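Here are a few short exercises to work through with the model open beside you. Try each task before reading its solution.

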Amino acid sequence: MKHGLFAAVLGLLAVIPKSSSAQWGVELGAGYDIQGGTFTAPCACPYSGGSGYALRGAISYDVVSLFGLSIGVKPGVDYKQFSSAHTYTNASGSFSVRDSANITQTYLTFEPYVRYTVPVVGVFVQVAPSVAYMVS
């Protein structure tokens, strides 16, 4: 019994590294957004064909990193802004009115992730489901 327990402890010490290579990082990004579809404003006016930009920032932190497999978290902020227009023309076509809408959305994001880094090459594969909360 004692020899089995001693062997199990030695096996665990051999498998678990003395230090992990956990790391942290900063992610910044920008993009161009295109509105897909139509939204209806409170005036019952349909808006479509919008476009704008997006900005994103996050900090990732590896909580556990062993043998090329890392588990971590990435809190961040996602900001989107786009403009869209609506044109109303009366039935006779004698006049038209053009309204525009500027939409901004800010989200707090949280992404737990699992990443595997291929040894020697340094290439990695990461899976990260995202949860976002709209703050404005």
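**Exercise 1: An aromatic pair**

Tyr79 counts as partly exposed because its relative accessibility is 26%, where partly exposed lies between buried (under 20% relative accessible area) and exposed (over 50%), with a 1.4 Å probe and protein chains only. Before going on, note that this is a predicted model, in which local features need pLDDT of at least 70, side-chain atom pairs count only at pLDDT 80 or more, and totals for chains, interfaces and linings use all residues. Residues are numbered from 1 along each chain as its sequence is written, and side-chain values use heavy atoms, with hydrogens and water left out.

Task: Find how many aromatic pairs a search of the whole structure gives, and describe the geometry of the rings.

Solution:
- Step 1. The search of the whole structure gives one aromatic pair; rings of Phe, Tyr and Trp (its six-membered ring) pair if their centres lie within 6.5 Å.
- Step 2. The partners are Tyr53 and Tyr79, with ring centres 6.1 Å apart and planes at 45°, so the pair is tilted. Planes under 30 degrees apart would be stacked, over 60 edge-to-face, and the rest are tilted.
- Step 3. Tyr53 belongs to strand β3 and Tyr79 to strand β4, so the pair ties together parts that are 26 residues apart in sequence. Strands are DSSP runs (E, at least two residues) and helices are runs of H or I (at least four), numbered from the N terminus.
- Step 4. Tyr53, at 37% relative accessibility, also counts as partly exposed.

**Exercise 2: Strand partners**

Task: Work out which strands pair with β4, and in what sense.

Solution:
- Step 1. Strand β3 (residues 46–66) runs antiparallel to β4 (residues 69–89), and 14 bridges join them; two strands pair if DSSP finds at least two bridges between them.
- Step 2. Arg56 gives an example, with Asp78 in β4 as its bridge partner.
- Step 3. β4 also pairs with strand β5 (residues 96–117), again antiparallel, over 21 bridges. Here Leu69 has Tyr116 in β5 as its bridge partner.
- Step 4. Now look at the turns. The hairpin of β3 and β4 has two residues between the strands, while that of β4 and β5 has six, and there Gly93 takes a positive phi near 80°.

**Exercise 3: An acidic side chain**

Task: Is Asp62 buried or exposed, and which side chains does it contact?

Solution:
- Step 1. Asp62 sits in strand β3 and counts as buried, because its relative accessibility is 1%.
- Step 2. Its side chain makes a polar contact with the side chain of Tyr113 (2.5 Å) and another with that of Arg115 (2.5 Å). A polar contact is a pair of N or O atoms within 3.5 Å; within protein, one must be able to donate a hydrogen and the other to accept it, and residues adjacent in sequence count only if both atoms are side-chain atoms.

**Exercise 4: Positive phi outside glycine**

Task: Locate Phe67 and Val120 and compare their backbones and exposure.

Solution:
- Step 1. Phe67, in the loop between β3 and β4, has a positive phi of about 55° although it is not a glycine. At 61% relative accessibility, Phe67 counts as exposed.
- Step 2. Val120 is in the loop between β5 and β6 (124–127); its phi is positive, about 70°, although it is not a glycine. Val120 counts as exposed at 88% relative accessibility.
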